[in-house]
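Ready for some practice in reading a protein structure? Take a look at the sequence and the model, then work through the exercises below.

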Amino acid sequence: MEVVIVPDAEAGGRLVAEAVVRLLGHRPDALLGVATGSTPLPVYQALAATAAAGGADLSRVRVAQLDEYVGLPAGHPESYRSVLEREVLAPLGLGPEAFLGPDSTAPDVAAACREYERALAAAGGVDLQLLGIGSDGHIGFNEPGSSLASRTRIKTLTERTRGDNARYFGGDPGRVPRHVITQGIGTILEARHVVLLATGPNKADALAAAVEGPLAARCPASALQLHPHATVVADEAAASKLT
Ligand code: F6R
């Protein structure tokens, strides 16, 4: 695992965007695995700025969703599908045909999870998976205790994660859906390159456990220690508890 420490979130965003642009240089139709939340926003902004300046051709890029809430109506502004449309697809000039994601409104959600696994495989697999990290060490919505071999499935969010995400639901953890679909840890580990971005002091404990702690289901992000091409990009605050 390679760890790169950058001064701040914007520098991290630029660095990861550069890695994406390099990938597109030899694979213009790369499948990018995209996370939501606040951490990856500087990456998407830097990518959009690079493309607008003529420094990257994003016309053939495809994006794959990492996780999604279950129980929100289609088109809800805080569904991750809507968030990705606003923060990734629109700024990068991509249409819905470039998007792969699970159908969280399907009557049989478990079948929709299996179908999403098939769709990812049929698309050739994820070339670069961008991840944030939860304050409890989760990746995607694989909460502590998730099997390190897990596949895309339904999970229940912890109260801590619902509290962390309440900011998107009027500050009320009770409005954050309890159930989610997430790519499993085993699914995530199949991406050819995994890039975990961590910024801010509230990620310092989780990042130290992920990078320097034992490989353990209690810190799902520690599974990246198993990946042959994993890059951690952390700002100084998130890296402050690394030895
Ligand atoms: C979101 C996701 C989550 C977030 C994590 C950190 O798609 O997969 O694992 O990356 O909860 O969220 P932020 O970046 O908002 O701190």
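## Exercise 1: Around His138

**Task.** Which residues is His138 in contact with, leaving aside its neighbours within four places in sequence? And is His138 buried or exposed?

**Solution.**
Step 1. Leaving aside neighbours within four places in sequence, His138 is in contact with Glu143, Pro144, Thr161 and Pro220. Keep in mind that the model is a predicted one.

Step 2. Place the residue in the fold: His138 is found in the loop between β6 and β7.

Step 3. Now count neighbours. A residue is buried if 20 or more other C-beta atoms lie within 10 Å of its own. His138 has 27 C-beta neighbours inside 10 Å, so His138 counts as buried.

Step 4. Check the record. UniProt, in an unreviewed entry, places the feature "active site" at Asp67, Asp136, His138 and Glu143. Glu143 is also among the contacts of His138 listed in Step 1.

## Exercise 2: Asp67 and its strand

**Task.** Asp67 is named in the UniProt "active site" feature too. In which strand does Asp67 lie, and which residues is Asp67 in contact with beyond four places in sequence?

**Solution.**
Step 1. Asp67 belongs to strand β4.

Step 2. Asp67 has 22 other C-beta atoms within 10 Å, so Asp67 is buried.

Step 3. Beyond four places in sequence, the contacts of Asp67 are Tyr80, Gly140, Phe141, Val180, Ile181, Thr182 and Gln183.

Step 4. Look at how β4 pairs: three bridges join β4 to strand β8 (residues 179-182), and the two run antiparallel. Within this pairing, Tyr69 stands opposite Val180 in β8.

## Exercise 3: The sheet of three strands

**Task.** What is the order of the strands in the open sheet of three, and which strands stand at its edges?

**Solution.**
Step 1. The order is β4-β8-β7, with antiparallel pairing.

Step 2. β4 (67-69) and β7 (153-156) each have a single partner strand, so they stand at the edges and one side of each is left without a neighbour in the sheet.

Step 3. On average, neighbouring strands of this sheet are turned by 30 degrees against each other, direction ignored.

Step 4. Add a helix: α4 (residues 109-122) packs on the sheet and touches β7 and β8. The direction of α4 makes about 120 degrees with that of β7.

## Exercise 4: The sheet of seven strands

**Task.** In what order do the seven strands of the other open sheet stand, and which are the edge strands?

**Solution.**
Step 1. The order is β1-β10-β9-β6-β2-β3-β5, and the pairing is parallel.

Step 2. The edge strands are β1 (2-6) and β5 (99-100), each pairing on one side only.

Step 3. Look at one edge: β5 is joined to strand β3 (residues 62-65) by two bridges, and they run parallel. The bridge partner of Val63 in β5 is Phe99.

Step 4. Helix α3 packs on this sheet, touching β2 (31-34), β3 and β5. The direction of α3 makes about 150 degrees with that of β3.

## Exercise 5: Strand β9

**Task.** How many of the six residues of β9 are buried, and with which strands does β9 pair?

**Solution.**
Step 1. Strand β9 (residues 193-198) is mostly covered, with five of its six residues buried.

Step 2. One partner is β6 (residues 128-131), which pairs with β9 in the parallel sense over four bridges. Here Leu130 has Val195 as its bridge partner in β9.

Step 3. Another partner is β10 (residues 230-235), joined to β9 by five bridges and also running parallel. Leu196 stands opposite Val232 in β10.

Step 4. Follow the chain: β9, helix α7 (residues 204-212) and β10 make a right-handed β-α-β unit.

## Exercise 6: Helix α2

**Task.** Which residues of α2 are buried, and what do they pack against?

**Solution.**
Step 1. Helix α2 (residues 41-52) has 12 residues and reaches 16 Å from its first C-alpha to its last, close to the 16 Å expected at 1.5 Å a residue.

Step 2. The buried residues are Pro42, Val43, Tyr44, Ala46, Leu47 and Ala51.

Step 3. These buried residues pack against α1 (9-26), α3 (80-92), β6 and β9.

Step 4. After the helix comes Gly54, with a positive phi near 85 degrees.

Key. Residues numbered from 1 in each chain as written. Predicted model: local features only at pLDDT ≥ 70, side-chain atom pairs only at ≥ 80, totals over all residues. Pairing = 2+ DSSP bridges. Axes fitted to C-alpha atoms, helices over the stretch in contact; angles between N-to-C directions. Contact = placed C-beta atoms within 7 Å. Buried ≥ 20, exposed ≤ 12 C-beta atoms within 10 Å, placed from the backbone. Right-handed = clockwise from strand over helix to strand, strands pointing away. UniProt positions renumbered as here; feature names shortened; annotations may be inferred. Expected span 1.5 Å × (residues − 1).
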